[in-house]
Amino acid sequence: MFYASFTQGDLDGDGRPELIVAWKPLLGAGYFEKMMRVGDLDGDGRNELVVSTRADDSEGAETPGHVFAYHLLPGGETERETVIELDRRYAESSWLAIGDADNDGKLDLVLATGMGDRQDAGESWVLRLWR
């Protein structure tokens, strides 16, 4: 195993949090920087696992960064939804938070993005995503 990240949250709705471990190969070429959160972003009463990955330039892959939402289905299967594919011209990585950013009583997904060489000034944006 090259890389793993973990978080906890109640994904199956039984009132008890699960330990959630994700391995890099499950997310394609782009790796994720311990950026996983659990929350009911779509308002259906069931939590989703939201994962943010950064862009990957290794071996010429040029894979963009993504934010994925994983839904746990009633039969125990999971379904992955692409929430956003980051435009590499503006963002290579993102850090996420889930909370009520606009005080409307509903959870929002808030991303802070980063772009640029770590030794030079880069760019950063803050995005609020909703459905």
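**Sheet and surface patch of the predicted model**

A69 lies opposite E81 of strand 6, where strands are DSSP runs (E, at least two residues) numbered from the N terminus. The structure is a predicted model in which local features need pLDDT of at least 70 and side-chain atom pairs count only at pLDDT 80 or more, while totals for chains, interfaces and linings use all residues. Residues are numbered from 1 along each chain as its sequence is written, and side-chain values use heavy atoms, with hydrogens and water left out.

Strand 6 belongs to an open sheet of 4 strands with the order 3-4-5-6 and antiparallel pairing; two strands pair if DSSP finds at least two bridges between them. At the edges are strand 3 (36-39) and strand 6 (78-85), each of which pairs on one side only. Strands of a sheet pair through backbone hydrogen bonds.

Strand 5 (residues 66-72) joins strand 6 through 7 antiparallel bridges, and strand 4 (residues 48-53) joins strand 5 through 6. Within strand 5, F68 is the bridge partner of V51 and also stands opposite T82 in strand 6. Because 6 of its 7 residues are buried, strand 5 is largely enclosed by the rest of the structure; buried means under 20% relative accessible area, exposed over 50%, and partly exposed in between (1.4 Å probe, protein chains only).

In the hairpin of strands 5 and 6, with 5 residues between the strands, G76 adopts a positive phi near 95 degrees.

Outside this sheet's strand order, V21 is found in strand 2 and counts as partly exposed, at 37% relative accessibility.
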